[in-house]
Amino acid sequence: MQTTFFSNILSILYIHVNVMNKPEPSVINALFDLYRAGEYRTLLERAQALIETWPDEPALHSLAGSACLEMQDYDSAIRRYRAALAIRPDLAKVHNSLGIACLQSGQLENAANSFHNAVKHDSQLAQAWFNLGIVYENRNRLAEAAGYYKQATLINPVYHQALCSLAKVLWELRIPDQVQEYFEKAVAIEENYLPAHMGLLRFLEQSNRHEKLRAAVSRARGALGEHDVVRLYEGILADIDGEYEQARSLLEAFSITPADAWTRHGERTRLARLTLICDRLDDTAAATRYARDANELSREQSEARGIDKSSFLQTVENRRRYFIADNINQWRDLTPSNPSFRRKPESSETTGRPAGDTESHWMPGQARHDEQDIRGQSKNFARNFTLTPGIDNPVFIIGFPRSGTTLLDTLLRGHPSIRLAEEADAVPALVNRLSGQSDERLETLANLQDRDVQDLRRTYFDALARHAKPDDGVLPIDRFALNTVYAGEIYRIFPQARFILLLRHPADCVLSCFMQTFYETPANASFFTLEDSAHLYDRVFGLWRQYTGLLPLNVLQVKYEDLVADAETTSRRILDFLDMPWHPGILEHERSARDRPLIGTASYNQVTRPLYTEARGRWRRYRAEMKPVLPALEHWISYFGYQAP
């Protein structure tokens, strides 16, 4: 939990209502002196003694509460702050201090109420707005947190902690336009403020702003000296410059002791960078060792946040159990009455049968259990309807992490009539509303009404529009590798959806997942070991094979190896699938990558390089490490047409 806060204890005021019933100002000032000196136990004892004489003095109760807060006796602090507010409910700064005590004890709801009360009584109390931001950030309600942090900075433009927190939350929200500005303002206000330096350096590196990163590293060295964060990014700059031996030497010369969120991230970054450097230097033993150490830190961070692999694996298993022929046969047909579909004039060209033939076609809901019949007849039906591109047949780039989806994303951004949504929350929004966050409503797929589908489509497009609005003449594409898992639900709502499935040699894909660091999510928690990475690969593509055996998905398979070997030919094939004309900007992927304000995936530092082929077959250099997991992957190597190990 984030715990940075400001209580303003030194400025808590008390009001003399009746001089005869109040302690002298010198008495209160003496208590403040004890607080300033850190004599919290003495402060508590004296405040308690004075309360016996002046029980109606809120300043005494508040000071006693602050002493308890500093001694981390949060229950006592809460009780004493509430006693002060029972006497004077309008003391905004006491409400703020009460909120801090609640926040520290994990009572987020009570903390939020207290901070809201603080700003209700004093709307200019910047610290309370900032603390509200902390509460809502811990609730993962990031948009609201950003609003509260912003309000704190409007009231106090030199509030460097609020500026830094605002930058961090906007970054997490994928709103990068002002992230650098806010971090730089925080650094300018307080040049030794470490979180702002770390945030700025990390943002500039992950957004591939290398020249600005150099300037920021130089500024950090001037402010922080030989601090580990400076040494970390000097090593990263050497790696960016291709000075791999020097980068390794710089990064191996120190380590960062993980003590908090910032230092854990710094050490994980150091280890992850050394993993890739040693891989480039062909020191596979060192690369594997650093990858394991980095993944262990990732595991600790995930466990600290209550994240584990089991929930995503269960998500896959739930769909494996539901998407079987017997269940799909129960689906009510939605398409004929769906107003977004328009029937084409029938002809032998569109139906595949002579005009006037009234032979009935199978529709979901009719009793037929043969999987080939399900797929074939449903395809015949689909050809009878015209579509509005991007609305009726949205496009999804799917696959598995580290399979090349970010590279394809970057290539397609060079086309002026294509707009990419990178790892958007549109499909999760659709799935959560359709199937429930715990998949408790998967069975309702059978009984959807036309109005349900229209509402669900609106849910999807409302979420997608925050990332890639489907304007006239512009095709939005939803790119999120593991949306592979939700292809069944996508098909149910968008039966004409188009899928571009990115494939990479399964062994290379699994190895790359293990050697890369990711954000902490239940899906990514399977990448801490090679064994878990291979197991997730097997489960995801087992489900995908189940989908394609039952549903007439409109899929184009694209191999990463083909994309890097001949980008133009492969891209033309993709554009043909999308019914889009060729555009030469497709091949300017380095410029497209540099122009992007932020690349939010683990491949951010690779797509800015010229297309390279050395990652193909990399797993062979790690054959000893891969040996235990190859049996789980051999079937997929053959299934996807790759050469057997």
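## Report on a predicted model

S435 touches R319, E440, R441, L442 and E489, leaving aside residues up to four places away in sequence. This is a predicted model. S435 belongs to helix α22. With a relative accessibility of 0%, S435 counts as buried. The side chain of S435 also makes a polar contact with the side chain of E489, at 2.5 Å.

**The salt bridge beside S435**

R319, one of the residues touched by S435, has a charged partner. Its side chain meets that of D439 in a salt bridge, 2.8 Å from N to O. The pair links distant parts of the chain, 120 residues apart. R319 sits in helix α17 (residues 310-322). D439 sits in the loop between α22 (426-435) and α23 (450-464). R319 and D439 are both buried.

**Overall make-up**

The protein has 645 residues, and 55% of them count as buried. Its secondary structure comes to 31 helices and seven strands. Take the contacts with a separation of 6 or more: residues 24 or more positions apart account for 70% of them.

**The sheet**

In what order do the five strands of the open sheet run? The order is β4-β5-β3-β6-β7, and the pairing is parallel. β4 (418-422) and β7 (554-559) are the edge strands, each pairing on one side only. Neighbouring strands are turned by 25 degrees against each other on average, direction ignored. Strands of a sheet pair through backbone hydrogen bonds, either parallel or antiparallel.

β3 (residues 395-398) pairs with β6 in the parallel sense over four bridges. Within this part of the sheet, I398 stands opposite L501 in β6. Helix α28 (residues 567-577) packs on the sheet and touches β4, β6 and β7. The direction of α28 makes about 170 degrees with that of β7.

At the β4 edge, the partner is strand β5 (residues 475-479), again parallel, over five bridges. A421 has D478 in β5 as its bridge partner. Is β4 mostly covered or mostly open? β4 is mostly covered, with four of its five residues buried.

**Salt bridges across the structure**

A search of the whole structure finds 42 salt bridges. Side chains of opposite charge can pair when their charged atoms come close. Three of the pairs are set out here.

| Pair | Closest N to O distance | Citation |
|---|---|---|
| K168 and E172 | 4.0 Å | salt bridge |
| D239 and R280 | 2.9 Å | salt bridge |
| R319 and D439 | 2.8 Å | salt bridge |

K168 and E172 both lie in helix α9 (residues 160-172). They are four residues apart, about one turn of the helix. K168 is partly exposed, with a relative accessible area of 22%. E172 is partly exposed too, at 44%.

The side chains of D239 and R280 meet at 2.9 Å, N to O. D239 lies in helix α13 (residues 228-240) and R280 in helix α15 (residues 261-280), so the pair ties together parts that are 41 residues apart in sequence. D239 has 4% relative accessibility and counts as buried. R280 is partly exposed, with a relative accessible area of 30%.

Some charged residues join in a network. R174, D409, R413, E422, E423 and R479 are linked in this way by salt bridges.

**A buried arginine without a salt bridge**

Where does R504 lie? R504 is in the loop between β6 (498-503) and α25 (506-515). R504 is buried yet has no salt bridge. The nearest side chain of opposite charge is D508, 4.9 Å away. A salt bridge requires the nitrogen and oxygen to be within 4 Å. R504 does have a polar neighbour in the backbone: the oxygen of R402 lies 2.7 Å from a polar atom of the R504 side chain.

**A serine in α14**

S249 is found in helix α14 (residues 244-252). Is S249 buried or partly exposed? S249 is partly exposed, with a relative accessible area of 48%. S249 and A238 are 11 residues apart in sequence. In space they are 9.9 Å apart, C-alpha to C-alpha.

Note on methods: Residues numbered from 1 in each chain as written. Predicted model: local features only at pLDDT ≥ 70, side-chain atom pairs only at ≥ 80, totals over all residues. Heavy atoms only, no water. Helix = DSSP H or I, 4+ residues; strand = E, 2+ residues; numbered from the N terminus. Buried < 20%, exposed > 50% of the residue type's maximum accessible area, 1.4 Å probe, protein only. Lys, Arg positive; Asp, Glu negative; His and termini not counted. Polar contact = N/O pair within 3.5 Å; in protein donor to acceptor, adjacent residues only side chain to side chain. Pairing = 2+ DSSP bridges. Axes fitted to C-alpha atoms, helices over the stretch in contact; angles between N-to-C directions. Contact = heavy atoms within 4.5 Å.
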